[in-house]
Amino acid sequence: MPELPEVETIRGQLAPLVQGRTLARMEILDSRWSRPLAPQELSSALEGRRVLALERRGKYLLWRFAGEAYLAQHLRMTGSVLLDPRPEPLHTRVRLAFEPAQKLAIVDPRRFGTGELLLGEPAMEAFFAARLGLEPLQEGFTAEHLREIARGRLGPIKAFLLDQRQIAGVGNIYADEALFRARIHPRRPAGRLSREQYALLRDSIVEALRAGIDAKGASIDDFRHVDGVKGAFQDRFLVHLRAGEPCVRCGTTIVKLVVAGRGTYVCERCQPRPRLRRAARRGDGASRPARPRR
DNA sequence: CGCCCTGTTGGGGA
DNA sequence: ATCCCCAACAGGGC
């Protein structure tokens with residue numbers, strides 16, 4: 001019998017455990033988890049249905065049930081899906097029982113995680129279309145694509161990378177890593193990079209994702225929270241959480257900033273700060289002439 | 001011991 | 001379009 005590690009969620013291993021089984025009982029212990037319906041109604045909608053497949057969409061876990069019923073589950077920061085953990089963890093939010101017998105628990109100390117019921121394929125596709133851009137490892141994720149979706153955007157490139165509607169699946173650690181590898185400062189306006197920088201950034205995003213997969217000994221479709229980023233990621237992630245340490249490339253001390261409301265680590269020599277852009281003001285006629293867009 | 005800060009995320013309101 | 005704050009909890013620094 002396959003075993004799931006105690007404290008990790010691995011879709012790649014989870015899927016074979018539930019596919020083809022019927023969800024016999026679903027107990028939602030935290031009403032916050034359940035969307036858009038109340039827990040009782042959401043469980044009723046899914047109980048008795050067979051699980052056709054379990055997929056990953058960006059950072060969502062997508063459960064496909066018979067009859068075009070779907071559950072878009074998000075683990076947020078501290079969620080995990082455990083295989084029949086005993087004793088039951090303190091922060092168990094949902095209990096799932098399948099037939100033939102199989103039990104899972106959705107555990108989430110911080111209670112940010114959610115389960116969204118979607119009825120009908122169009123509703124399901126619309127849900128993701130509204131929230132997720134291209135996956136970095138998908139065919140069309142090219143430098144040109146990146147340049148096009150960033151065109152005209154003046155917000156910081158880091159915020160842009162974290163925006164799931166632009167690119168699906170890039171998280172805070174990955175964004176820092178990709179920008180470091182591409183030697184781009186996180187505060188650079190997203191739409192103002194050179195063609196070469198978009199190309200480098202595109203490759204760096206892919207590299208960062210591969211580094212993460214590698215560090216975890218996982219596959220791209222796995223969800224796995226590593227126990228302590230500082231431990232498992234240290235060798236492959238070159239800037240994140242390294243404030244005070246020397247940059248591996250130039251020796252300059254890594255500093256921590258806050259960009260897009262997230263802790264952001266940067267080597268300000270390898271990743272030069274953008275020139276301060278002055279707000280256009282009346283009487284500021286001496287400033288450089290506006291460059292034509294496009 | 002208590003207080004304060006931080007965080008693998010995303011959404012809503014300003 | 002963008003920014004700020006919030007959700008709720010644990011763990012670390014002081």
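Biologist: Which helix and which strand each supply at least two residues of the surface near DNA strand B?
Modeller: Helix H6 (172-182) and strand E11 (262-266). Here helices (H or I, at least four residues) and strands (E, at least two) are DSSP runs numbered from the N terminus, and "near" means a heavy atom of the residue lies within 4 Å. Keep in mind this is a predicted model: local features need pLDDT of at least 70, side-chain atom pairs count only at pLDDT 80 or more, and totals for chains, interfaces and linings use all residues. Residues are numbered from 1 along each chain as its sequence is written, chains are lettered from A and ligands numbered from 1 in the order written, and side-chain values use heavy atoms, leaving out hydrogens and water.

Biologist: OK, how many residues surround DNA strand B?
Modeller: There are 17, and the closest are Lys59, Arg110, Asn172, Lys256 and Arg262. By class you get four nonpolar, seven polar and six charged. Nonpolar is Ala, Val, Leu, Ile, Met, Phe, Trp, Tyr, Cys and Pro; charged is Asp, Glu, Lys and Arg; the others, Gly among them, are polar.

Biologist: What do Lys59 and Arg262 touch on it?
Modeller: Lys59 puts a polar side-chain atom 2.7 Å from a phosphate oxygen of DNA strand B. For Arg262 the partner is a base nitrogen, 2.8 Å away. A polar contact is a pair of N or O atoms within 3.5 Å; within protein, one must be able to donate a hydrogen and the other to accept it, and residues adjacent in sequence count only if both atoms are side-chain atoms.

Biologist: And DNA strand C, which backbone atoms sit by its phosphates?
Modeller: Polar backbone atoms of Leu154, at 2.8 Å, and Gly155, at 2.9 Å. His91 comes in with its side chain, 3.0 Å from a phosphate oxygen.

Biologist: Switching topic: how many salt bridges are there?
Modeller: The structure holds 22 (a side-chain nitrogen of Lys or Arg within 4 Å of a carboxyl oxygen of Asp or Glu). One of them joins Arg56 and Asp221, 3.1 Å between the closest N and O atoms. That pair links strand E3 (residues 51-57) to the loop between helix H7 (195-216) and helix H8 (229-232), 165 residues apart.

Biologist: Is Arg56 buried or exposed?
Modeller: Buried, at 17% relative accessible area, whereas Asp221 is partly exposed at 27%. Buried is under 20%, exposed over 50%, partly exposed in between (1.4 Å probe, protein chains only).

Biologist: Which residues form a network of salt bridges?
Modeller: Arg25, Glu27, Glu47, Glu88 and Arg95.
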